[in-house]
Amino acid sequence: MKRHRVKRYGLLLVLLLSTSSVMGAVSFDWAVIGNAGNAADTQTGYGTVGYEYSIATTEVTTAQYVEFLNAVAATDTYGLYNSRMDGLTQYSAISRSGSSGSYEYSAKAGWENRPVVYVSWYDTLRFVNWLNNGQLSGAQDATTTEDGAYTFSGATTVSERNSEADYWLPSEDEWYKAAYYNPVTGEYYDYATSSDDEPVAGVDANYYDGGYVEGSPYYTTEVGEYDNESPYGTYDQSGNVWEWNETLISGQYRGMRGGSWAFSAIYLSASHRNSYSARDEHDNLGFRVASYEGGTVPEPLSVGLVLLSVGGLLLRRAKRP
């Protein structure tokens, strides 16, 4: 477990607006990606990053996304919930009850720790905006989902990453380095299992190898199920679900990497990149979060702890490139 750090802006809002514990419950383990200024992979040209950052060791889970929905989607203005999240044979993970204005969401048993899917690229940006805003509850507006790491001015009109972002969707280079770069040798592995050898389906990774590893109804495995992590300690960057990244490919197409439970081993490799329209939502497409933090998104804290912590937090700022 990496060191814990409380997000300063959310804490200040707590002090101003409440006298009780109000912080959100979504948290991550972080892999710190050092070796700033590393060379790119000579085979692909990807992987160089000129600053230290962190990336979540696992993909965003169904339970974490449900927390997000319950915070901001009582009225789901921008379609953060896809009805296919409930009802299909291969994916029936999140149920929604009530009517617009009072929607409530719940993760179904057995799905909580599996990666969330059926999320568009825009959904992922709104999720990290919510993290930047301290996991506040409310309408989908600038205080929750429409500003933070990225500034929206409509459903699908959005800025590039803001320079003061604390949490964001990783760029392709950031994602690639965390998956394949060996900080000891300065070289790159072919797979995100710290190996140049093709992973063994069901032993090292979840991908299609003449059959499905998990099968109906889940198909995805729980995050971090396999012990063969990347050199920096991340899990499932080869297999399980494709993961969105920040990079623009062309037009409305955004990058995705890592392969999935529905694709063969070649798609897991460093040499393979893919893209979908930013609006697309599929049953084998999810994401993970990047940050400048070396700890976790805040868990619920008592006011006493908030008061003790705020002095130190005001003196500290996350590193920026």
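Hi everyone, this is a short walk through one sheet and two loop residues.

Some ground rules before the tour. The model is predicted, so to speak of local features we need pLDDT of at least 70, side-chain atom pairs count only at pLDDT 80 or more, and totals for chains, interfaces and linings use all residues. Numbering starts from 1 along each chain as its sequence is written, and side-chain values use heavy atoms, with hydrogens and water left out.

Let's start with the sheet. Four strands make an open, mixed sheet in the order β10-β9-β8-β11. Strands here are DSSP E runs of at least two residues, helices are H or I runs of at least four, and both are numbered from the N terminus; two strands pair if DSSP finds at least two bridges between them. At the edges sit β10 and β11 (285–286), each pairing on one side only.

Now look at β9, residues 253–257. Why do we call β9 largely enclosed by the rest of the structure? Because four of its five residues are buried, where buried means under 20% relative accessible area, exposed over 50%, and partly exposed in between, with a 1.4 Å probe and protein chains only.

β9 pairs in the antiparallel sense with β8 (residues 242–250) over four bridges, and also with β10 (residues 274–277), again antiparallel and over four bridges. Arg254 is a handy landmark: it stands opposite Leu248 in β8 and opposite Tyr276 in β10. In the hairpin of β8 and β9, two residues lie between the strands, and Gly251 takes a positive phi near 55°.

On its other pairing, β8 meets β11 in the parallel sense over two bridges, with Glu243 bridged to Gly286 in β11.

Glu243 brings us to Glu59, since the two are in contact, meaning heavy atoms within 4.5 Å. Glu59 sits in the loop between β2 (53–56) and α2 (62–72). Which side chain of opposite charge is nearest to Glu59? That is Arg288, 4.2 Å away, and buried Glu59 has no salt bridge. For that we ask for a side-chain nitrogen of Lys or Arg within 4 Å of a carboxyl oxygen of Asp or Glu; Lys and Arg count as positive, Asp and Glu as negative, and His and chain ends are not counted. The Glu59 side chain does make a polar contact with that of Asn240, at 3.3 Å. The cut-off there is a pair of N or O atoms within 3.5 Å; within protein, one must be able to donate a hydrogen and the other to accept it, and residues adjacent in sequence count only if both atoms are side-chain atoms.

Last stop: Leu136, in the loop between α3 (121–132) and β5 (167–168), is partly exposed at 28% relative accessibility.

How values were computed: Lists of a residue's contacts leave out its neighbours within four places in sequence.
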